[in-house]
Structures are given as structure tokens and as C-alpha cells.
Amino acid sequence: MSWLPRRLVAFEQAHPSVRIDLIIEDIQRHTEPDLAIRFDHGMSTLSHPGWLMGITHVVVGKAPDIEAITDASDITDFRLLDVRSHAVGWNTLLTRYPGMADDPALTVESVDTTPLALMMIKESHALALVPWPASENLVQALGLEVCKTIPAIPGLGNYYIEQFTGHGARPIIHTLCEELRKAAREADC
């Protein structure tokens, strides 16, 4: 996740007329897991038995870049990375600021995954909207920061836990579910 983004960013900077799409394929397992964590836009009830956590989307960037943002218009100085699979993107955020989406300096580019967007940020002058708190550890591990100047956007959908019992439910999986739910509640604080 760091080797390729570093090289792509360097190449794109050296050749601004070239646009590169990076597509990461989903690998399917051929066995049933004990547990799956899924994101779903359709289910929205907190009372769903598998509900784990909701999300918001926050603007993330490198610390010096985040410090330079004093109001929303400052984001036009950056490449804005939109994760294709997210229901909430820069267009959603920009509707808060009339006329900003029409700014010719605005550059919005699509990437496949949140980790890829975060690595692209680490290697370039870019910002991304990422799901929070789901991305918190990765943001911290990469030394990136959340922009407090631009308010978070409530997310659409939630994360759910699905337990599979086709091969027998193991007690350790119940323990993991409870630990995940506890951590999700603490992240909301």
C-alpha cells in the first residue's frame, strides 16, 4: 500500500496529462467464515441484532496540510480523493458551500479503497473523505490528521456483524463480537 502509491504519485506529478486508475480486485474465499463484518447502505436501524457501528465521514490529510486549512475554500489547493464505494463524497461535502463545486481549481479524483486514498494522501498534496471511526487506526498509523475546520458529514449506512453457524458457532466468536461492539461504543465517545 505504500510502494505503489508513492510511484504513481511521482509519475502523475512528472506527467500531469496522464491519468491512472488503480483497480484492486476483491478476493473471494471458498469457505464460510465464522464472522463477517459488512457495510450496508440499506439497513439503517440501530436495533438490528448485528448492528456494530454507524459512520461519519471526515476530511483527512497530512498534518501541515490540515493546519493550512482555515476555511472550506482552502481545500481547492489540494487534490481531493473520492473513494468510489463511498455513498458520501466530495460532492456531498461541497453542497454545504454554494458555488465551491464550480471552482475551476477544484480537482476531484476517484480511487478504489480507503487505504489506497490514505496512502495517496501520505505521498502527495491531497485530502480525502474517510469513514470514521472505522479508519481511525489507519489514519493514526500513517501519521495523518482529521481536519477540524471542515465539519464531519453523517454517513449513510452502518457496519453489521454476521455470524455464520453452518459449521457450528464457536464461543470465541461471541467474545470477539462483544469486544468489537465495546470498542465501537468507546469510539463514539
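**Close-up views of a predicted model**

**Figure 1. Salt bridge between Arg79 and Glu109.** Glu109 is partly exposed, at a relative accessibility of 24%. This view, like those that follow, shows a predicted model. The side chain of Glu109 meets that of Arg79 in a salt bridge, with an N to O distance of 2.7 Å. Arg79 belongs to strand 3 (residues 79–83) and Glu109 to strand 4 (residues 107–111), so the pair ties together parts that are 30 residues apart in sequence. Arg79 has a relative accessible area of 16% and is therefore buried, since the limit for that class is under 20%. Glu109, at 24%, is not under that limit and counts as partly exposed.

**Figure 2. Salt bridge between Asp112 and Arg84.** The N to O distance between these two side chains is 2.5 Å. Asp112 sits in the loop between strand 4 and helix 4 (114–123), and Arg84 in the loop between strand 3 and helix 3 (90–94), so this pair ties together parts that are 28 residues apart in sequence. Which of the partners, Asp112 or Arg84, is buried? Asp112 is buried, at a relative accessible area of 17%, whereas Arg84 is partly exposed, at 38% relative accessibility.

**Figure 3. Salt bridge between Lys182 and Glu186 in helix 6.** The closest N and O atoms of the pair are 3.8 Å apart, and the cut-off for a salt bridge is within 4 Å. Lys182 and Glu186 are 4 residues apart in helix 6 (residues 171–188), which means that about one helical turn separates them. Both residues are partly exposed: Lys182 has a relative accessible area of 48% and Glu186 one of 47%. The structure holds 4 salt bridges, among them the pairs of Arg79 with Glu109, Asp112 with Arg84, and Lys182 with Glu186.

**Figure 4. Helix 4 and the cap at its N-terminal end.** Thr113 caps this end of helix 4, with a side-chain oxygen 3.1 Å from the backbone nitrogen of Leu116. How much of helix 4 is buried? Of its 10 residues, 7 are buried, so the helix is largely enclosed by the rest of the structure. The buried residues are Thr114, Leu116, Ala117, Leu118, Met119, Met120 and Ile121. Leu116 thus appears in two roles, as a buried residue of the helix and as the residue whose backbone nitrogen faces the capping oxygen of Thr113.

**Figure 5. Surroundings of His86.** His86 is located in the loop between strand 3 and helix 3. At 17% relative accessibility, His86 counts as buried. Its side chain is joined to that of Thr114 by a polar contact of 2.9 Å. Thr114 is one of the buried residues of helix 4. Leaving aside residues up to four places away in sequence, His86 touches His57, Thr114, Leu129, Val130 and Pro131.

**Figure 6. Context of the close-up views.** The protein has 6 helices and 7 strands, and from the N terminus on its elements run α-β-β-α-β-α-β-α-β-α-β-β-α. Of its 189 residues, 39% count as buried. Among contacts between residues at least 6 apart in sequence, 83% join residues at least 24 apart. The exposed area is about 11000 Å², with carbon and sulfur atoms supplying 55% of it.

Note on methods: Residues are numbered from 1 along each chain as its sequence is written. This is a predicted model: local features need pLDDT of at least 70, side-chain atom pairs count only at pLDDT 80 or more; totals for chains, interfaces and linings use all residues. Side-chain values use heavy atoms; hydrogens and water are left out. Buried means under 20% relative accessible area, exposed over 50%, partly exposed in between (1.4 Å probe, protein chains only). Contact means heavy atoms within 4.5 Å. Accessible areas come from the Shrake-Rupley method with a 1.4 Å probe; for residues, only the protein chains shown count as cover. A polar contact is a pair of N or O atoms within 3.5 Å; within protein, one must be able to donate a hydrogen and the other to accept it, and residues adjacent in sequence count only if both atoms are side-chain atoms.
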